[in-house]
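Student: I would like a close look at one part of this model. Please start from a single pairing and then build outwards.

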Amino acid sequence: MSWGQLVPMSHPAQAEGFFSGRSSVDDWFRHRSFAATEQGRVATWLALDTTGKTVGFVALKSIGLVEEQEANSKARRYFSAGESGILIAQMGLVVSMQGQGLGGKLLAQALQKCLESADIAPCRVIVLDAADESLVPFYERFGFRPIGPGQLRMYQSLASVRKAFAAI
Ligand SMILES: CC(C)(COP(=O)(O)OP(=O)(O)OC[C@H]1O[C@@H](n2cnc3c(N)ncnc32)[C@H](O)[C@@H]1OP(=O)(O)O)[C@@H](O)C(=O)NCCC(=O)NCCS
């Protein structure tokens, strides 16, 4: 069982009992996502199953970028003072749905939201911080690259996302 389009979070109860198996993600979603969303600090998008239960979420926000000491020459094109980007601040999928390609679907839907946002208020890059090294290959699979060797901060240009979607 999957979901259709992502919907904006509208009630704190939508985060109750959510379990992706990563406590930092689950704690943030259960206890902080609704307030952060209401305060306009993040946009939290939900994947709801046919019963209306939250099976996945992704939280996006805009960020101002600065120079990153560890960035390689390609990443430096984007990471400099005055540049802004979209941060995939948090994402998670319920444990029972993991490992079936649905995390990829959730990320692709998040990237689509990033494109829509950048069409209205342009920026050039999407950024995320992989929670640990084991997740780097997952994000690489969807076009993200570490800003430098061994780095958990990853990026992908909006231009590259746009190109990937155009090819589908
Ligand atoms: C991260 C998460 C969303 C991934 O979802 P998922 O459903 O397990 O991933 P998918 O099944 O969609 O995987 C998509 C592709 O990435 C690959 N992949 C997934 N996790 C991977 C990993 N840790 N290492 C290497 N490849 C991985 C899969 O093999 C698959 O590739 P394929 O299409 O070639 O088979 C999910 O595991 C989750 O919610 N984890 C807990 C919360 C979390 O860690 N959030 C991220 C914080 S940065």
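How many bridges join strand S1 (residues 7–8) to S2, and in which sense do the two strands run?

Tutor: Two ground rules come before the answer. Residues are numbered from 1 along each chain, as its sequence is written. The model is predicted, so local features need pLDDT of at least 70 and side-chain atom pairs count only at pLDDT 80 or more, while totals for chains, interfaces and linings use all residues.

Now the pairing. S1 and S2 are joined by 2 bridges and run antiparallel. Pairing here means that DSSP finds at least two bridges between two strands. Strands (E, at least two residues) and helices (H or I, at least four) are DSSP runs, numbered from the N terminus. Look at proline 8: its bridge partner in S2 is tryptophan 45.

Tryptophan 45 leads on to the next strand. There it stands opposite valine 58 in S3. S2 and S3 pair antiparallel over 6 bridges. Two further bridge pairs are worth finding. Threonine 44 has alanine 59 as its partner in S3, and alanine 47 has glycine 56. The hairpin of S2 and S3 has 5 residues between the strands. In that hairpin, glycine 52 takes a positive phi near 90 degrees.

Step on once more. S3 and S4 are joined by 9 bridges, again antiparallel. Here leucine 60 stands opposite isoleucine 88 in S4.

Now put these pairs into the whole sheet. It is an open sheet of 7 strands, in the order S1-S2-S3-S4-S5-S7-S6, with mixed pairing. S1 and strand S6 (145–146) stand at the edges, each with a single partner strand, so one side of each is left without a neighbour in the sheet. In general, strands of a sheet pair through backbone hydrogen bonds, either parallel or antiparallel.

What packs against these strands? Alanine 110 gives a good view. Leaving aside neighbours within four places in sequence, alanine 110 is in contact with Trp45, Val58, Leu60, Ile88 and Met91. Contact means C-beta atoms, placed from the backbone, within 7 Å. Several of those names came up in the bridge pairs: Trp45 with Val58, and Leu60 with Ile88.

Alanine 110 also belongs to the largest nonpolar core, which has 44 residues. Such a core is a set of buried Ala, Val, Leu, Ile, Met, Phe, Trp, Tyr and Cys residues joined through C-beta atoms within 7 Å. Val58, Leu60, Ala110, Ile126 and Tyr155 have the most contacts inside the core. The elements that give two or more residues to this core include strand S2 (43–48), strand S3 (54–64), S4 and H4.

Two buried residues show how distant parts of the sequence meet. Serine 33 is found in helix H2 (residues 33–38). It is buried because 23 other C-beta atoms lie within 10 Å; the cut-off is 20 or more, with 12 or fewer for exposed and partly exposed in between. Not counting residues up to four places away in sequence, serine 33 touches Met9, Ala15, Trp28, Thr44 and Ala59. Thr44 and Ala59 are the bridge partners you have just met in S2 and S3. The C-alpha atoms of serine 33 and histidine 11 are separated by 10.0 Å, with their positions 22 residues apart along the chain.

Tyrosine 78 sits in the loop between helix H3 (73–76) and S4. It is buried too, with 22 other C-beta atoms within 10 Å. Leaving aside neighbours within four places in sequence, its contacts include Leu65, Gly85, Arg124 and Tyr155. Tyrosine 78 and arginine 124 are 46 residues apart in sequence, yet 7.3 Å apart from C-alpha to C-alpha.

Now step back to the chain. It has 6 helices and 7 strands. Buried residues make up 33% of its 168 residues. Of the contacts with a separation of 6 or more, 62% join residues 24 or more positions apart. Along its principal axes the C-alpha trace spans about 45 × 35 × 30 Å.

Finally, find the ligand. It is surrounded by 21 residues, and the closest are Arg22, Gln98, Gly103, Gly104 and Pro137. A residue counts as near if its C-beta atom, placed from the backbone, lies within 6 Å. Strand S4 (84–93), helix H4 (102–120) and helix H5 (136–141) each give two or more residues to this shell. S4 is thus a good place to end: it pairs with S3 and gives residues to the core.

Technical notes: Two residues are in contact if their C-beta atoms, placed from the backbone, lie within 7 Å.
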